[in-house]
Amino acid sequence: MSESPDPAAVFACSTSLYTACLDGCRVDPDLDLNECYQGMDQFMREVMRVASMFEEWACKYVAFEELDGVWPYLLEERFGEECIEVVNPDLLMRFDWYDCFRVAMRMRLPMWVDGRYPHPLLLEVENPVSNSGFEMFRIQAVRNAKGSDEAVPFVFGDEADDESFCAPRFVVYGVRLDGSSVAIFERGSYGQIVELLCGLFPGIVVPKIRGSL
């Protein structure tokens, strides 16, 4: 069951992100947030937008019962520093729902998916095998329009119960050094993807997500 957004969590996110961005300015003297956002008022609006979006996303996908600490405290301590590793302080306007997942991965948050909340997953993991043709592996949720053999990404905003599409599935792509990729295998659940990758490539680090799709 999806949780309701917690104003304390939104406040913690925004405080943490605001502080991290200002710290970034002290490290990089050329970073002028006032200039980037044409005023600090707009900067604060973007901070609040990111904070609200992440909390809304977290209420659907974070397994709060698995957390070791208090959610707002964890956000205040970690969210900002991890967020600006995903999106630069001067580019908060580009932060989207995929970035929420990327931040959650960096924070190592426990997550879950089920039939009510199919996850439009897109992530990349490093290949632990040296001298391989693939630098990394991309795991992506895709689906086919009924009657079509062409897979298209299942992205945020897509209706999971759209009757014109088949059920989403997961595909693993090998990504070469030049950035090109090739589909290697696919499975119906993320858990099966994790199990197969870990079996084929000992030492690979693949985020685990509670539940199934």
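This passage describes the largest pocket, a strand hairpin, a surface patch and the salt bridges of a predicted model.

The pocket comes first. Rolling a probe the size of a water molecule over the atoms shows where empty space is left. In this model, the largest pocket holds about 640 Å³ of space. Its lining is made of 20 residues. Met105, Arg106, Arg108, Val205 and Pro207 are the closest of these to the pocket centre. Three elements each give two or more residues to the lining: helix H4 (71-86), helix H5 (97-106) and strand S2 (122-126). Strand S2 provides the largest share, with 5 residues. By residue class, the lining of the largest pocket has 12 nonpolar and 8 charged residues. No polar residue takes part in this lining.

The hairpin is built from two strands. Strand S5 spans residues 169-175, and strand S6 spans residues 181-187. The two strands pair in the antiparallel sense. Their pairing runs over 6 bridges. Within this pairing, Phe170 stands opposite Arg187 in S6. Between S5 and S6 lie 5 residues. Gly179 sits in the turn and has a positive phi of about 95°.

A nonpolar patch is found on the surface. Tyr18, Met40, Met44 and Met48 form this patch. Together, these four residues have about 300 Å² of accessible area. Helix H3 (residues 40-61) gives the largest share of the patch, 3 residues. Tyr18 belongs to helix H1 (residues 7-27).

Charged contacts complete the description. The structure contains 8 salt bridges. One salt bridge joins Glu46 and Arg49. The closest N and O atoms of this pair are 2.9 Å apart. Both residues lie in helix H3. Because Glu46 and Arg49 are 3 residues apart in this helix, about one helical turn separates them.

Key
Residues numbered from 1 in each chain as written. Predicted model: local features only at pLDDT ≥ 70, side-chain atom pairs only at ≥ 80, totals over all residues. Heavy atoms only, no water. 1 Å grid on protein atoms, 1.4 Å probe; cavity = no way out; pocket = protein on both sides within 12 Å on 5 of 7 lines; lining within 4 Å. Points joined across faces, edges and corners; volume = space filled by probe spheres on them. Helix = DSSP H or I, 4+ residues; strand = E, 2+ residues; numbered from the N terminus. Nonpolar A, V, L, I, M, F, W, Y, C, P; charged D, E, K, R; others polar. Pairing = 2+ DSSP bridges. Patch = residues over 30% accessible without salt bridge, like charges linked within 9 Å, V, L, I, M, F, W, Y side chains within 5 Å. Areas by Shrake-Rupley, 256 points an atom, 1.4 Å probe, with all protein chains shown as cover. Salt bridge = Lys/Arg side-chain N within 4 Å of Asp/Glu carboxyl O.
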